[in-house]
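Got the model loaded and a viewer open? Let's take a walk through it, starting with the packed interior and then moving on to the pockets and a hairpin.

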Amino acid sequence: MALYEPFPNYIWNLSVAIAMESGGQIGEIVDMCQPIKDAAANGADAGTPQFMQAWAAMGGKLMEMAAEDEAKGRSFSASNKLERAALYLFTAERMQGHGAPGRKDTYAKARGAFDRSTKLGRLNRERVEIPLANGTMSALFTRAPGEGRKPVVVFCNGLDSCKELLYWTRLPAELARRGISTLCVDQPGSGEALRLQGLAVDPHSESWASKAVDWLEQQPEVDPARIGMTGISLGGHFAPRAVAYEPRFASGAVWGANHNWREVQDKRMAREGENPVPHYWAHVHWAFGATDQEDFLARSEAMNLNGHMDRIKVPFLVTHGASDRQISVAYADDLYDQLVNSPHREKVIFTPREGGVEHVGADNMAYGRDLISDWFAETLGGATA
């Protein structure tokens, strides 16, 4: 299994792969990528304005066609086009450096298209706001079908994702199929929390994860005894930390282990491993609210799970891609080995046999999605058949 690589650099190819796995149409993706191949040859950072121009143009075209569908009363077709418009706009925005011209406007258009698609398509996701100690955490709540109280999984972002991309992993759909609801969150340092409120990363993820549990306990359709937690990419650091320090979580999982993210920064400064986004150091300074590199490194010092994982006393699943070019597969071993008090721990490394070998399965998210869904069904009382 291999990552689709139309460009000569990993970061651009990663964005394309994520878009493909999130519901993009291959013909539209080819049309967006073909004119900017030369720009990609100049490096991951240099050509990002051209990337945004091409992808935002496609998003704009789809929004126009969606409006035409809507005028004819074809709401479902309009919703389908708006989904892809939002996806391409979020992808375009994600590739830009902090403060880049057009970034804020592109993000606003993406959110608008996504929200309109939700309404027109009658999609199973509700935007909610969860109070934090400082500000709020926007989230998407996908409900499991049927009557009665249901289990639920809190699903958090990595460094550079957003709740909409979490929804497009289709993990919420697969969990709902198994009788489990999902809360996709824009925690501090990601999505709306960072872009609209300026809320920086909190290395002590239990501080915001606990607020999500507080909110869920107030929902009449949620079983408060069956709440799980997972995260993707850097969420593979946040989720274990939250489960370790928030005893109300009944199960946990990671979609990519991120055991010692502070150490990863040392490796990246030594040019070991790939970066997830262009303008990487500017992005992490922004996400952490740091003034410079020294300040960032100090703020990220706590991003190390060593010495904390023995606190986890619930079932926990560790997954990782065998060929992850960003985060070493050895971190999956570290996390699993330190889950000494988990009553049921499991480690799955995705290999070329099935796919999902790249970072968080960017080459094929199907296996991670199915495995994590089944794990929570088995540990939270859902259904696998």
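**Inside first**

The largest nonpolar core here has 64 residues, and the ones with the most contacts inside it are Trp-12, Trp-55 and Phe-376. Look for helix α5, spanning residues 75–94: with nine residues, this helix gives the most to that core. Keep in mind as you go that this is a predicted model.

Trp-55 is a good residue to centre the view on. Leaving out residues up to four places away in sequence, Trp-55 touches Val-16, Ala-19, Ile-29, Met-32, Cys-33, Ile-36, Tyr-88, Thr-91 and Ala-92. Apart from the core that holds Trp-55 lies another one, made of 57 residues, including Leu-132, Ala-257, Ala-290 and Met-309.

**On to the pockets**

So much for the packed parts; what about the gaps? Rolling a probe the size of a water molecule over the atoms reveals where empty space remains.

How much space lies in the largest pocket? About 290 Å³. Its lining is made up of 13 residues, and if you zoom in on the centre, the nearest of them are Arg-268, Arg-271, Asn-275, Tyr-280 and Trp-281. Two elements give two or more residues to this lining, namely α12 (261–269) and α13 (280–288). Colour the lining of the largest pocket by class and you get six nonpolar, three polar and four charged residues.

Next up is the second largest pocket, with a volume of about 220 Å³. Its lining has 13 residues, of which Glu-93, Arg-103, Lys-104, Arg-195 and Trp-286 lie nearest the centre. Here the elements giving two or more residues are α6 (103–121) and α9 (191–195). Which of the elements provides the largest share of this lining? That would be α6, with five residues. By class, the second largest pocket is lined by six nonpolar, two polar and five charged residues.

**A hairpin to finish**

Now swing the view round to the strands β1 (residues 126–131) and β2 (residues 136–142), which pair in the antiparallel sense over six bridges. To get the register, pick Arg-127 and look across: its bridge partner in β2 is Leu-140. Together β1 and β2 form a hairpin, with four residues between the two strands. One residue in the turn is worth a click if you like backbone torsions: Gly-135 has a positive phi of about 85 degrees.

Notes:
Residues numbered from 1 in each chain as written. Predicted model: local features only at pLDDT ≥ 70, side-chain atom pairs only at ≥ 80, totals over all residues. Heavy atoms only, no water. Core = buried A, V, L, I, M, F, W, Y, C linked by side-chain atoms within 4.5 Å. Buried < 20%, exposed > 50% of the residue type's maximum accessible area, 1.4 Å probe, protein only. Contact = heavy atoms within 4.5 Å. 1 Å grid on protein atoms, 1.4 Å probe; cavity = no way out; pocket = protein on both sides within 12 Å on 5 of 7 lines; lining within 4 Å. Points joined across faces, edges and corners; volume = space filled by probe spheres on them. Nonpolar A, V, L, I, M, F, W, Y, C, P; charged D, E, K, R; others polar. Pairing = 2+ DSSP bridges.
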